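Trainee: Before we begin, could you take me through this structure step by step, letting me ask about each part in turn?

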Amino acid sequence: MNLTITQIKEALATIDTIETLEQSPFNNDSRKGVQQALRSRRKQIERDLQLKQQYETMSQLENKIYQQDPSALICGIDEVGRGPLAGPVVACAVILNPDHAYIGINDSKQLNHKKRAVLQQQLEAGLIDFAIGSASVEEIDQYNIYQATKIAMMRAINQLSPQPTHLLIDAMQLDVAIPQQSIIKGDSKSVAIAAASILAKEYRDQYMTTLDEQYPGYDFAQNVGYGTKKHLEGIDKFGVTPVHRKSFEPIKSMIK
């Protein structure tokens, strides 16, 4: 008795290598549905392999540190919110477990909310520790966004327990005694930084949703503080709020 196409799809789902798939007797089944299922499974296996290879590439910086110091506590640090007109700048610091395996992780900007939410749950459950640090709108206006970002990052690091032995930072250099490496576009080159990027973005996005409830009319839940058309229309209609960055244009010119 021939298996149904549904049964064959279930059987194909247990195959995880191209070699095994090519040896499957289902290749001799001429039914269009079966052949389509074989092609679909091949694509999925190839996609999974690509993600694993990408993860290995993004783990090279961490692995190099582990080779030099097997007991290293590697901390990835990243921020979100340097460019918006409203809201704080938020940083996250994470300490990875040496056996980390967050396949599919990437720069948070390359992932949709659904994927970030799944990874967020995995990260929060599997990290040695993580912490969020932020710098307020007032601090951004007082010190400038670059210095405020440093403040947010240091606040995140200082909350970690245990304290890390190595820092991998996305495009920043911090005034701290811990050995550090600043990496341009680090959120796409380092698993640790990518993890920090995801947690920081999810935290800040949720915070901006709460600000949307406090200050309706600016569309904060959708634009997370960036200067979109709806946001600028809200400023024209309702004015500048306490959560707007007064040192950023066009707000700076509006309040002179």
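Mentor: Keep in mind that this is a predicted model. A good place to start is a network of salt bridges, which links Arg-116, Lys-201, Glu-202 and Asp-205.

Trainee: Within that group, how far apart are N and O where the side chains of Glu-202 and Arg-116 meet in a salt bridge?

Mentor: This pair links distant parts of the chain, since Glu-202 belongs to helix α8 (residues 191–214) and Arg-116 to helix α5 (residues 113–126), 86 residues apart. Glu-202 is buried, and Arg-116 is buried as well. Where their side chains meet in the salt bridge, the N to O distance is 2.6 Å.

Trainee: Which residue forms a salt bridge with Arg-155?

Mentor: Arg-155 lies in helix α7 (residues 145–158) and its partner in helix α6 (residues 137–143), so the pair ties together parts that are 16 residues apart in sequence. Arg-155 is partly exposed, with a relative accessible area of 35%, whereas the partner is buried, at 16%. The closest N and O atoms are 2.6 Å apart, and the partner of Arg-155 is Glu-139.

Trainee: Glu-46 and Arg-42 also form a salt bridge, so why are they separated by about one helical turn, and in which helix?

Mentor: The closest N and O atoms of Glu-46 and Arg-42 are 3.9 Å apart. Glu-46 is partly exposed, with a relative accessible area of 40%, and Arg-42 also counts as partly exposed, at 29% relative accessibility. The separation of about one helical turn comes from their being four residues apart in one helix, namely α3 (residues 32–58).

Trainee: How many salt bridges does the count come to?

Mentor: The pairs we have discussed include Glu-202 with Arg-116 and Arg-155 with Glu-139. By the rule that a side-chain nitrogen of Lys or Arg must be within 4 Å of a carboxyl oxygen of Asp or Glu, the count of salt bridges comes to eight.

Trainee: Turning to the record, why do Asp-78, Glu-79 and Asp-170 gather at one spot, and within what C-alpha distance?

Mentor: UniProt, in an unreviewed entry, places the feature "binding site" at Asp-78, Glu-79 and Asp-170. They span 93 residues in sequence, yet they gather at one spot because no two of their C-alpha atoms are more than 7.9 Å apart. The lining of the largest pocket takes in Asp-78, Glu-79 and Asp-170 from this set. The distance that no two of their C-alpha atoms exceed is therefore 7.9 Å.

Trainee: Is Asp-78 buried or exposed?

Mentor: Asp-78 has its place in strand β1 (residues 74–80). Leaving aside neighbours within four places in sequence, Asp-78 is in contact with several residues, among them Val-90, Cys-92, Met-153, Asp-170 and Asp-187. With a relative accessible area of 2%, and buried meaning under 20%, Asp-78 is buried.

Trainee: And what is the relative accessibility of Glu-79?

Mentor: Glu-79 also has its place in strand β1. Apart from neighbours within four places in sequence, Glu-79 is in contact with Val-89, Val-90, Ala-91, Thr-149 and Met-153. Glu-79 counts as buried, and its relative accessibility is 14%.

Trainee: Val-89 came up among those contacts, so which residue is the bridge partner of Val-89 in β3?

Mentor: Strand β2 (residues 89–95) pairs with β3 in the antiparallel sense, over seven bridges. Five of the seven residues of strand β3 (residues 129–135) are buried, so this strand is largely enclosed by the rest of the structure. The bridge partner of Val-89 in β3 is Ala-135.

Note on methods
Residues are numbered from 1 along each chain as its sequence is written. This is a predicted model: local features need pLDDT of at least 70, side-chain atom pairs count only at pLDDT 80 or more; totals for chains, interfaces and linings use all residues. Side-chain values use heavy atoms; hydrogens and water are left out. Buried means under 20% relative accessible area, exposed over 50%, partly exposed in between (1.4 Å probe, protein chains only). Helices (H or I, at least four residues) and strands (E, at least two) are DSSP runs, numbered from the N terminus. Two strands pair if DSSP finds at least two bridges between them. UniProt positions are given in the numbering used here, feature names are shortened, and annotations may be inferred rather than shown by experiment. On a 1 Å grid over the protein atoms alone, a cavity is a set of points where a 1.4 Å probe fits but cannot get out, and a pocket is an open set with protein on both sides within 12 Å along at least five of seven lines; lining residues have an atom within 4 Å of a point. Contact means heavy atoms within 4.5 Å.
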